[in-house]
Protein chains: 2
Amino acid sequence: MREKKLSIIDLAKQLGTSATTVSFVINGKGKEKNISTALIEKIESLVAELNYQPNALAKSFRTGKTMTIGFIVDEIAQPFFSGIARFIDEKASAYGYNILFSSTKNSKKKGSEILQVFNERCVDAFIIALPNGLEKEVEQIISTDVPVVLFDRYLPALESDYVLIDNENSVIEATNHLISNGCKHIAFVTIETDQMQMLDRTIGYEKAIKAAGLESYLKKIDYQNKAHSVSEIADFLKQNSQLDAIIFSCNYLSMDGLDAIATTNLKIGEDLAMVSFDDLDVLRYFKPAITAVIQPLEKIADKIIEILIYRLRDNAVKDKLKVILNTNLEIRASSKAKITTAVDVLNK
Amino acid sequence: MREKKLSIIDLAKQLGTSATTVSFVINGKGKEKNISTALIEKIESLVAELNYQPNALAKSFRTGKTMTIGFIVDEIAQPFFSGIARFIDEKASAYGYNILFSSTKNSKKKGSEILQVFNERCVDAFIIALPNGLEKEVEQIISTDVPVVLFDRYLPALESDYVLIDNENSVIEATNHLISNGCKHIAFVTIETDQMQMLDRTIGYEKAIKAAGLESYLKKIDYQNKAHSVSEIADFLKQNSQLDAIIFSCNYLSMDGLDAIATTNLKIGEDLAMVSFDDLDVLRYFKPAITAVIQPLEKIADKIIEILIYRLRDNAVKDKLKVILNTNLEIRASSKAKITTAVDVLNK
DNA sequence: TTTATTTGCTTAAACGTTTAAGTATAAACA
DNA sequence: TGTTTATACTTAAACGTTTAAGCAAATAAA
């Protein structure tokens, strides 16, 4: 049923010329290869008339280029990742690249499988938010000169191009914001992990707290599921009734935090200031709206593509690039100036 | 730098056998093709030892199959689409397929370009939330026996496999829910469009209102941007102060609706019951939580993949399939039983 | 006029698989 | 015993491009 598709050879036969010539013209090398203008025009008009579409498979096979970029993240449904995916697609398309994606579920095994499959499929480049433990696999890919840009998290053992945000300073800024609003007992809730971006956030918190001479309230959650996380946070709040502010180190913890706070009689923005690392629609619509550290999604995507295009054009062995972007602390009602008590005022 | 990759011919040479035999064994056809167990084992162990990875490009080129599915939606960053994408990836991976995605921004031109590019890349199948006006292009693809499953929206002029939800009955159910809670002046806010799924939702509203003998309050917004939409909804609310319930026909209108209602002195769940078509985290965390018509994302993905695999295995000319799934009306505080006034009670 | 260069093409190989068709030997059958 | 069938492979073509190498004619340079 399926009609045999037109090949470059069919075109050549119809015009009484060779496949080579047709190939040159189709690829815009007519002039360069000294094809006469007359023939160029004849070929181009036939291509248009017959709506010839080159067989991308044959082309890829021959050239080894697929014009495909592998995009690997924890979970495409997470707003942060789908937001990045959106811009990556937009910008990569402009260069003729398409995006093949898959989700690792933050599993080393799944991540390794995806790396292998995408590699076998000869993607021209990788964009990855890499689970820990896959340094060797990625190194292997880099060693074959396939460009790789990692984002969101940093793997100290892995020499590679990176696009990251300044996690430490972002949290320092958030913490200082709370401190300058009079908060004295600021908690930081994070997950038990060895992912660098999370550790850096914690470091930022501790530095800011120490610099201000305040007491540190650090809560690490061994993340199992939402219910467990909510109850851990709720318990933590109950056991630390002196807290006047709380920072959550990532967006899903912020959501769990909202649920946990709802089980207490604490009023966000009044009894307890709150800041979320990572923004979400929920945080903007919540009453009161929740202050958030916002990652510059479009800029991240921009930088990633910029680096990839640079590497794809001329991947001479050069130093690896490490781009670190600033975040934006969007101050909303949840952390606006607190009514400081008389005692606080006197203490100043 | 890049080492020449191992080919099937290299393996054959090393073993003193032919490429054909190696190919048979690698593809698990050793037994079927009468290759001796001894040789099968020798080949398999060499493959393992040298970690031979077949060149997927050559394979695709030869077979015409890419093991790739094109996934085309309005905008991958929209939670509905990224939610579907997640399950599509999960389920397609299980069959060895990977997902190439791109976003049309609901533009006919962009959609048409993506269709063409994916087609040239020989994706084995398409999953599409199709903008209006591309019926011809999709028909052309279907005519070449490439499986296409459309979802989210129905194009009456296009004979194809579809996975849809029952828009009309979902809204009827939502409207009846409000009616049974005593609402008498129920508005329906939708967009000016010719997309069938939206029209069906409106039809559901009007049927339910008519059946109950109530007055219809239908507001169609010519969607330009969020600010305009919010102000249109706010005006509509102010001009119809008798309203006691409002239904939004899609998730972004629900968000705009929340913003609009915030500009009035109406209290959701008290003065005004609210229902959203499509769920969002925002709606669950909002105070009060907003009742929503929830689409069964995983089931939708399941059905899509089921149909595709069926078509990919044996795409004999058979009637097109149309799967229509039920939604789930999740009742939350925003639409819980209203306190009916004395007048209402007496009127019964 | 002879030689070198440019113009305008073509030939043929290569990319790594799959697979139809074939071959040679061994086993089974008549 | 001769014939068929099964076993265990191999040969070679094909998929549609790209591209290095080459060639003939026209033009320019010497």
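Which residue in β2(B) is the bridge partner of L100(A)? Select L100(A) and look across to chain B: the partner is L100(B). Keep in mind throughout that this is a predicted model.

**Stop 1: the paired strands.** Widen the selection to β2 in both chains. In chain A this strand covers residues 98–103. β2(A) and β2(B) run antiparallel to each other and pair over three bridges.

**Stop 2: the symmetry.** Now superpose chain B on chain A. The operation is a rotation of 180° with 0.0 Å of shift along its axis, and the RMSD is 0.1 Å. This is therefore the relation of a two-fold axis. Next, compare the two contact surfaces. Of the interface residues of chain B, 98% are also interface residues in chain A, so the copies meet through the same surface.

**Stop 3: the whole interface.** Select every residue in contact across the two chains. You should pick up 51 residues of chain B and 51 residues of chain A. The area buried between the chains is about 4500 Å². Carbon and sulfur atoms give 58% of that area. On the chain B side, show L57(B), F101(B) and Y285(B) as sticks. These three lose the most area to chain A, together 17% of what that side buries.

**Stop 4: polar links between the chains.** Turn to the charged pairs. Between chain B and chain A there are four salt bridges. One of them joins K105(A) to E90(B), with the closest N and O atoms 2.8 Å apart. Polar contacts across this interface come to 22 residue pairs, counting those with both residues at pLDDT 80 or more.

**Stop 5: what chain B brings.** Colour chain B by secondary structure. Its side facing chain A draws at least two residues from each of α4 (56–63), α5 (79–94), β2 (98–103), α6 (108–120), α11 (251–262) and α12 (281–285). Helix α5(B) gives the most, with seven residues. Recolour by class: this side has 23 nonpolar, 15 polar and 13 charged residues.

**Stop 6: inside chain A.** Leave the interface. Over all chains, the structure holds 40 salt bridges. For one within a single chain, select R153(A) and D74(A), whose closest N and O atoms are 3.0 Å apart. Why does this pair tie together parts that are 79 residues apart in sequence? Because R153(A) sits in the loop between β4 (148–151) and β5 (161–165), while D74(A) sits in the loop between β1 (68–73) and α5 (79–94) of chain A.

Technical notes:
Residues numbered from 1 in each chain as written. Chains lettered and ligands numbered in written order. Predicted model: local features only at pLDDT ≥ 70, side-chain atom pairs only at ≥ 80, totals over all residues. Heavy atoms only, no water. Contact = heavy atoms within 4.5 Å. Buried area = accessible area lost by both parts, 1.4 Å probe. Salt bridge = Lys/Arg side-chain N within 4 Å of Asp/Glu carboxyl O. Polar contact = N/O pair within 3.5 Å; in protein donor to acceptor, adjacent residues only side chain to side chain. Helix = DSSP H or I, 4+ residues; strand = E, 2+ residues; numbered from the N terminus. Nonpolar A, V, L, I, M, F, W, Y, C, P; charged D, E, K, R; others polar. Pairing = 2+ DSSP bridges. Least-squares fit on C-alpha atoms with pLDDT ≥ 70 in both.
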